[in-house]
Amino acid sequence: MTYTSWFKEHARKHKIIIDKLVAKNYTKEQIIEYFDFDNMVAEENNFCLLYKDNEKCHDMEKLNCYLCACPNFRFDDKGIKKVGKNTQFSFCDINHKDGSQDVYSTRIHQNCSKCDVPHKLSYIKKHFDLDWSKAMKQCIL
Ligand code: SF4
């Protein structure tokens, strides 16, 4: 699966949930709370592949899924630049200390597995947008 196809599919699934919650007059705070990992596993089991095994992507007690992936993520499926013999496909725009650039064969990808920035409530409240695609609009290069 490419970054682009994942993004399009995730935006579609996110919007379906948002439309449902807005129709029920949920407030911003209620919507964010709805995206709490435990609630999402129970209510929206098809939203993420990890939900089926009740598995968190990050080891956090209170993990929120509203801004998965992350507004700081940048990608281009065609490749961003050559780095020696390798090609970079993604990076972190703020070069967060918990992220890393990992090489898979000749492909360089941003590894966010140790970074919990977009899953924290304070970050989500600050970067909240009902339209997930707008919140992520800078990710696609
Ligand atoms: S390293 Fe952290 S802040 Fe940077 S893109 Fe990944 S999750 Fe976002």
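User: How does Ser105 count, buried or exposed?
Analyst: A note on the source comes before the count: this is a predicted model, in which local features need pLDDT of at least 70, side-chain atom pairs count only at pLDDT 80 or more, and totals for chains, interfaces and linings use all residues. A residue is buried if 20 or more other C-beta atoms (placed from the backbone) lie within 10 Å of its own, exposed if 12 or fewer, and partly exposed in between. Ser105 has 6 C-beta neighbours inside 10 Å, so Ser105 counts as exposed.

User: And where is Ser105 found?
Analyst: Residues are numbered from 1 along each chain as its sequence is written. Helices (H or I, at least four residues) and strands (E, at least two) are DSSP runs, numbered from the N terminus. Ser105 is not a glycine, yet its phi is positive, about 60°. Its place is the loop between strand E5 (100-104) and strand E6 (107-111).

User: Over how many bridges do E5 and E6 pair?
Analyst: Two strands pair if DSSP finds at least two bridges between them. E5 and E6 form a hairpin with two residues between them, and Gln101 stands opposite Gln110 in E6. The pairing is antiparallel, and the count is five bridges.

User: In E6, which residue is the bridge partner of Gln88?
Analyst: Strand E3 (residues 86-88) runs parallel to E6, joined by two bridges. From E5, Val103 stands opposite Ile108. The E6 partner of Gln88 is also Ile108.

User: Along E6, which side chains point to one face and are buried?
Analyst: The side chains of E6 alternate. Arg107, His109 and Asn111 point to one side and are not buried. The buried ones, pointing to the other face, are Ile108 and Gln110.

User: Turning to the helices, how far does H1 reach from its first C-alpha to its last?
Analyst: The expected span of a helix is 1.5 Å times one less than its number of residues. H1 has 21 residues, for which 30 Å is expected. From first C-alpha to last, its reach is close to that, at 30 Å.

User: What is the phi of Asn25, which follows H1?
Analyst: Asn25 sits in the loop between helix H1 (3-23) and helix H2 (28-34). Asn25 is exposed, with 7 other C-beta atoms within 10 Å. Most residues other than glycine have a negative phi, and most peptide bonds are trans. The phi of Asn25 is positive, near 60°.

User: Which residues does Tyr26 touch, not counting residues up to four places away in sequence?
Analyst: Two residues are in contact if their C-beta atoms, placed from the backbone, lie within 7 Å. Tyr26 is in the loop between H1 and H2 and has 15 C-beta neighbours inside 10 Å, so it counts as partly exposed. Its contacts, with those sequence neighbours left out, are Leu21, Ile31 and Tyr34.

User: Which residues have the most contacts inside the largest nonpolar core?
Analyst: A nonpolar core is a set of buried Ala, Val, Leu, Ile, Met, Phe, Trp, Tyr and Cys residues joined through C-beta atoms within 7 Å. The largest one here has 19 residues, and those with the most contacts inside it are Phe35, Cys65, Leu67 and Phe73.  Elements giving two or more residues to this core are helix H3 (37-43), strand E1 (73-75), strand E4 (90-92) and helix H5 (132-135). To name the best-connected residues again, they are Phe35, Cys65, Leu67 and Phe73.

User: Which residues come nearest to the ligand?
Analyst: A residue is near a molecule if its C-beta atom, placed from the backbone, lies within 6 Å of it. There are 13 residues around the ligand. The nearest are Cys70, Cys92, Gly99, Cys112 and Cys115.

User: Where is Ala69, and what is omega for the cis peptide bond that joins Cys68 and Ala69?
Analyst: Ala69 is found in the loop between H3 and E1. The bond joining it to Cys68 is cis, with omega about 15°.

User: What separates the C-alpha atoms of Phe128 and Tyr66?
Analyst: Phe128 lies in the loop between helix H4 (121-126) and H5. Leaving aside neighbours within four places in sequence, Phe128 is in contact with Lys28 and Ile32. Phe128 and Tyr66 are 62 residues apart along the chain, and their C-alpha atoms are separated by 8.5 Å.
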